[in-house]
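Thanks for sharing this one with me. Here are my notes on the side-chain pairs and the packing, set out point by point so that you can follow along in the viewer.

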Amino acid sequence: MRLLRICGILSWILATPMGAAAETIRIAIGTQDTTINCAAGGLLIRELDLLRRHLPHDGKYKDATYDIQWKNFSSGAPITNEMVAGKLDVGVMADFPGALNGVAFKKAGKSSRFITVLSGSIRGSGNGVVVPIASPAQSLAELKGKTISVPFASTAHGMLLRAVADLGWDPGRDVKIIAQAPEVAGSALQSGQIDAHADFVPFAELFPARGFARKIFDGAQAGVPTFHGALVDSDYAEKYPELVVAYLRAVIDANRLLAGEPEKYSELIAKATGIDAPVVYLFHGPLGLQTRDLTWKKEYRQDLATSIETLKLLKRADTGLDLETFIDDRFLRAAFKASGLDYDTELAHYASTTSELMTEVSLSAELWLEGESKVHRYASPDAAFAALTQFETQGKKIRAAYAQDRSNGIKIFANRAWYVAASSGRLDAFFSKADAESFAAKSGGKVQDFDAILQSKPSPTRRPG
């Protein structure tokens, strides 16, 4: 009798359709937390659990459960390695390593797709070159014959090679370029082991903010677009297109949060990464160093084409990529539509820092006071300095001060800027001393640094930390 009962149970189990069991679907995402302009594609989605709210639970996903995996890296190259090995489904990285990602997939007989921009600059800001604080160098042209370190295969590597080429230098003879991660470069700059370091977001801003380096070159001076974005394994995207759209909807949510409360989320990013909140705000605040534009601007498409050509020159790629296939905006368009946004309208829109309103943009300035959750915004550096003086007389401390470079509109730390004071009293801020001197020669103004400006005020003030 017992044997008959057991046989009956086994017969029922064998007759039960295997499809009735829930499918577990992996969503493995490789992030770069310390590359803070990628926050909308990884860190914020993870910390705020934004992805889960968009994952489908109907149709073919009715019985699915999701295994969301997050892996953090310091650069794009190891993310590519994990993606090609099938350990990651989505990865965030910059233009240059993104091109390498496409090449690596192609060599493996597979393919990846660049599905969105996360943050970038059509002028090239974000990448930069810094020197030790005591270095006499004020420009990249003064580094001929010197040693410059850079994370190899990074977007900053691509920027450096282009900038060196623009100077007419031979990168193998006129300058010594060595591979060095930012974690090592900070110590190397402080000990004088290198003459300069080129890097991507946020290190060309972070090192000067911490007081041991000066930025002498910004990618905007090269005028070559740069961006970070997200890629997906194309096999995964074709199998689970709804999940790719869900991820991109989470990106859109994170982007909205950053735009709405940049101070709040700069603090959150700072807590998760150790990157100072004022540095994070430099990127994500209004008129930030980079825009959080998700759409595939023609400049970013051209940037990828340039990156691929640079790889060929470096003999890192013996074959090209079909950009019309490699850049795939189908999922992003679907995510925009599902989020109530019009992709084509956003595609046609350019931020004011890249428009004909540059002069007006360059007049803005900001102050972030210690202990306050909101940044004070001003119509001009003159107004900001007047307010700074008043705050100091009230015993309030300045956490950070910001200005906009008159030459190219990039956001800069006010205490690292050069100013041209006109006879009318108007102040114009410049990232480059050479630009300030050139403008002063034409306008009849006087070049001053931050300390000189403060000393000219009637009340004693202190520099922002």
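**Notes on pairs and packing**

1. Let me begin with Asp253, which is buried, its relative accessible area being 13%. This is a predicted model, so please read each value below as computed from predicted coordinates. The side chain of Asp253 meets that of Arg53 in a salt bridge, at 3.9 Å from N to O. The two partners sit in distant parts of the chain: Asp253 belongs to helix H9 (residues 241–260), while Arg53 is in the loop between helix H2 (43–48) and strand S2 (65–72), and 200 residues separate them.

2. Is Arg53 buried or exposed? With a relative accessibility of 56%, Arg53 counts as exposed, because the cut-off for exposed is over 50%. The bridge therefore pairs a buried acid, Asp253, with an exposed base, Arg53. Arg53 also has Tyr247 as a spatial neighbour to look at: the two are 194 residues apart in sequence, yet their C-alpha atoms are 9.9 Å apart in space.

3. For another bridge, have a look at Asp49 and Arg52, whose side chains meet at 3.4 Å, N to O. Both ends are partly exposed: Asp49 has a relative accessibility of 39%, and Arg52 has a relative accessible area of 44%.

4. Which residue pairs with Lys374 in a salt bridge? The partner is Glu263, and the closest N and O atoms are 3.9 Å apart. Lys374 is in the loop between strand S11 (365–369) and strand S12 (376–378), and Glu263 is in helix H10 (residues 262–273), so this bridge ties together parts 111 residues apart in sequence. Glu263 is buried, at 3% relative accessibility, whereas Lys374 is partly exposed, with a relative accessible area of 44%. The bridge does not stand alone: through shared partners, Glu263, Glu366, Lys374, Arg377 and Lys411 are joined into one network of salt bridges. If you would like a total for your own comparison, the search of the whole structure finds 27 salt bridges.

5. Helices H9 and H10, which hold Asp253 and Glu263, also pack against each other. Their axes come within 5 Å and cross at roughly 115°. From H9, the contact is made by Leu257, Leu258, Ala259 and Gly260; from H10, by Pro262, Tyr265 and Ile269. What is the class make-up of this contact? There are six nonpolar residues, one polar residue and no charged residues. The one polar residue is Gly260, because Gly is counted in the polar class.

6. Turning to the rings, a search of the whole structure finds 17 aromatic pairs. One of them joins Phe200 and Phe203, with 6.2 Å centre to centre and 80° between the planes, which makes the pair edge-to-face. Both rings belong to buried residues: Phe200 has a relative accessible area of 3%, and Phe203 has one of 8%.

7. The pair of Tyr281 and Tyr402 is tilted, with 5.3 Å centre to centre and 45° between the planes. It links distant parts of the chain, as Tyr281 is in helix H11 (residues 277–284) and Tyr402 is in strand S13 (residues 398–404), 121 residues apart. Tyr281 and Tyr402 are both buried.

8. Two further ring features deserve a click in the viewer. Phe114, Phe227, Trp296, Tyr300 and Phe326 form one aromatic cluster. There are also charges over rings: Lys215 lies over the face of Phe431, at 4.9 Å from the ring centre, and Arg399 lies over the face of Trp368, at 4.6 Å from the ring centre.

9. Finally, some context for the chain as a whole. The protein chain has 19 helices and 17 strands, and buried residues make up 55% of its 465 residues. How are the contacts spread along the sequence? Among contacts between residues at least 6 apart in sequence, 75% join residues at least 24 apart. The bridges Asp253–Arg53 and Lys374–Glu263, together with the Tyr281–Tyr402 pair, are examples of links between parts that lie far apart in the sequence.

Note on methods
Residues are numbered from 1 along each chain as its sequence is written. This is a predicted model: local features need pLDDT of at least 70, side-chain atom pairs count only at pLDDT 80 or more; totals for chains, interfaces and linings use all residues. Side-chain values use heavy atoms; hydrogens and water are left out. Rings of Phe, Tyr and Trp (its six-membered ring) pair if their centres lie within 6.5 Å; planes under 30 degrees apart count as stacked, over 60 as edge-to-face and the rest as tilted. Buried means under 20% relative accessible area, exposed over 50%, partly exposed in between (1.4 Å probe, protein chains only). Helices (H or I, at least four residues) and strands (E, at least two) are DSSP runs, numbered from the N terminus. A charge sits over a ring if NZ of Lys or CZ of Arg is within 6 Å of the ring centre and within 35 degrees of the ring normal. A salt bridge is a side-chain nitrogen of Lys or Arg within 4 Å of a carboxyl oxygen of Asp or Glu. Axes are lines fitted to C-alpha atoms, for helices over the stretch in contact, and angles run from 0 to 180 degrees between N-to-C directions. Contact means heavy atoms within 4.5 Å.
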